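Trainee: I have just opened this entry and would love a guided tour. Could you take my questions one at a time?

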Number of protein chains: 2
Amino acid sequence: MNSKSWLTALSEHGYRLTEARRAVVAIIHSSQRALTPLEVYDSARLAYPELGLVSVYRTLEKLEELNLIQRVHQPAGCQAFISSAEGHKHLLLCKRCGQVTFFEGDDLEPLIKSISRRTNYAISEHWLQLFGLCENCQKSGS
Amino acid sequence: MNSKSWLTALSEHGYRLTEARRAVVAIIHSSQRALTPLEVYDSARLAYPELGLVSVYRTLEKLEELNLIQRVHQPAGCQAFISSAEGHKHLLLCKRCGQVTFFEGDDLEPLIKSISRRTNYAISEHWLQLFGLCENCQKSGS
DNA sequence: TTCCTATTGAAAATCTTTTTCAATTATAAA
DNA sequence: TTTATAATTGAAAAAGATTTTCAATAGGAA
Ligand SMILES: [Mn+2]
Ligand SMILES: [Mn+2]
Ligand SMILES: [Zn+2]
Ligand SMILES: [Zn+2]
């Protein structure tokens, strides 16, 4: 999914395509790691210096609402966002460089059924996230 | 693990046992759901009105450091804390009342090995969390 | 082009968390 | 018990993060 399709999605939902939004979309769409609002602001201002931090918050809010980005929870903090993957995927995060990789293929059904039986909960959602070192970061001294 | 053993643990690590700490420990130790610093403050002040919010933050910090409590991440926010379970356990959360239940018995090893092979990551940690409705909340109209 | 209103950025307001600091108090030593 | 000392406290200030307000601007339908 390219950056143009995000703009189309915004437009189709009645949101206007402004310079501020284009700048924010360009940055977060192309990032391999999760970015905080302030990081998005700093990067996007290189191309569009008039940008306000408020517009970054407002654009991230809309992108999240349209499921184009998602918040990433980490021990260090939970304010960063990354492009969403399509379909049911989970996150694998490099503890050193922050690179985000999506994976699929978890089969938690047996576990969920068993926990559900044991606890009498009606389970409807799950969060699974793996942490480690990416190939590059294993090479360079950790 | 009772609330007295938390005080012992604090003491054994060189921390003094003060009224403020006792009040915070009493509240968070006995809670079935994750509490924010402000919620701890409000509850604990009922028994000890001189308590300051700063001391709540400072005590939570120490309890987390000693692994007696842990931060709970939820869609609505990530500032709340709950007593830690012993051993390797994961969280099951009621989306309605917030009740926290720990479970074990996840076997993610095959998945982790497979993802590790596919991505060349050295995977060292995982977060797994289930969400649903507890028995009570299923009965009462959701 | 014109018109309407969604959107903007600056500034202020609000919330949350941390730091500073003088007074107090837990604890170990006498 | 009393004393000495350093950890701890709560108030206040500071720092940070996010949201709200508002007058000016600019996107896009007509
Ligand atoms: Mn899954
Ligand atoms: Mn989180
Ligand atoms: Zn890495
Ligand atoms: Zn419930």
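Trainee: Let me start with the two protein chains: what is the area buried between chain A and chain B?

Mentor: Keep in mind from the start that this is a predicted model. The contact draws on 37 residues from chain A and 37 residues from chain B. Carbon and sulfur atoms give 65% of the buried area. The total buried between chain A and chain B is about 3100 Å².

Trainee: Which three residues of chain A supply more than any other three of the area that chain A buries against chain B?

Mentor: The size of an interface is often given as the accessible area lost when the parts come together. On the chain A side, three residues together supply 24% of what that chain buries against chain B. They are Tyr121(A), Trp127(A) and Phe131(A).

Trainee: What is the fold of chain A, read along the sequence?

Mentor: Chain A has 142 residues, and 42% of them count as buried. Its secondary structure comes to six helices and five strands. Put in sequence order, the pattern is α-α-α-α-β-β-β-β-α-β-α.

Trainee: Now the metals, please. Which residues coordinate the manganese ion (ligand 1)?

Mentor: The donor residues follow the spacing H-x1-H-x15-D-x19-H in sequence, which gives us three histidines and one aspartate to look for. The donor atoms sit at 2.0 to 2.1 Å from the ion. They belong to His88(A), His90(A), Asp106(A) and His126(A).

Trainee: Of His88(A) and His90(A), which one counts as buried?

Mentor: Buried means under 20% relative accessible area, and partly exposed runs from there up to 50%. His88(A) has 46%, so it is partly exposed. At 5%, the buried residue is His90(A).

Trainee: And which residues coordinate the manganese ion (ligand 2)?

Mentor: Here the donors come from chain A and chain B, at 1.8 to 2.6 Å. The donor atoms are ND1 for the histidines and SG for the cysteines. On the chain B side, His73(B) counts as buried at 9% relative accessibility, and so does Cys78(B) at 10%. The full set is His73(A), Cys78(A), His73(B) and Cys78(B).

Trainee: Let's move to the DNA. How many residues surround DNA strand C?

Mentor: The closest are Thr18(A), Arg21(A), Ser55(A), Arg58(A) and Tyr57(B), with residues of chain A and chain B among them. Sugar and phosphate account for 68% of the atoms of DNA strand C that come within 4 Å of the protein. By class, the surrounding residues divide into eight nonpolar, five polar and six charged. The number of residues around DNA strand C is 19.

Trainee: Which residue has a polar backbone atom 2.9 Å from a phosphate oxygen of DNA strand C?

Mentor: Backbone atoms of several residues come into play here. Glu50(A) has a backbone N or O atom 3.2 Å from a phosphate oxygen of this strand, and Gly52(A) has one at 3.2 Å. The residue at 2.9 Å is Leu17(B).

Trainee: Which helices each supply at least two residues of the surface near DNA strand D?

Mentor: This surface has eight nonpolar, four polar and six charged residues. Among the closest residues to DNA strand D are Arg16(A), Tyr57(A) and Arg21(B). The helices that each supply at least two residues are α4 of chain A together with α2 (19-29) and α4 of chain B.

Trainee: How far is a polar side-chain atom of Arg21(B) from a phosphate oxygen of DNA strand D?

Mentor: Two side chains of chain B are worth viewing together. Thr18(B) places a polar side-chain atom 2.8 Å from a phosphate oxygen of DNA strand D. For Arg21(B), the distance is 2.7 Å.

Trainee: One last item: what is the phi of Asn67(A)?

Mentor: Most residues other than glycine have a negative phi, and most peptide bonds are trans. Asn67(A) lies in the loop between α4 and β1 (69-74) of chain A, and it is exposed, with a relative accessible area of 59%. Although Asn67(A) is not a glycine, its phi is positive, at about 60°.

Technical notes:
Residues numbered from 1 in each chain as written. Chains lettered and ligands numbered in written order. Predicted model: local features only at pLDDT ≥ 70, side-chain atom pairs only at ≥ 80, totals over all residues. Heavy atoms only, no water. Donors = N, O, S within 2.8 Å, 3.2 Å for Na, K, Ca; no water. Buried < 20%, exposed > 50% of the residue type's maximum accessible area, 1.4 Å probe, protein only. Near = heavy atom within 4 Å. Polar contact = N/O pair within 3.5 Å; in protein donor to acceptor, adjacent residues only side chain to side chain. Nonpolar A, V, L, I, M, F, W, Y, C, P; charged D, E, K, R; others polar. Contact = heavy atoms within 4.5 Å. Buried area = accessible area lost by both parts, 1.4 Å probe. Helix = DSSP H or I, 4+ residues; strand = E, 2+ residues; numbered from the N terminus.
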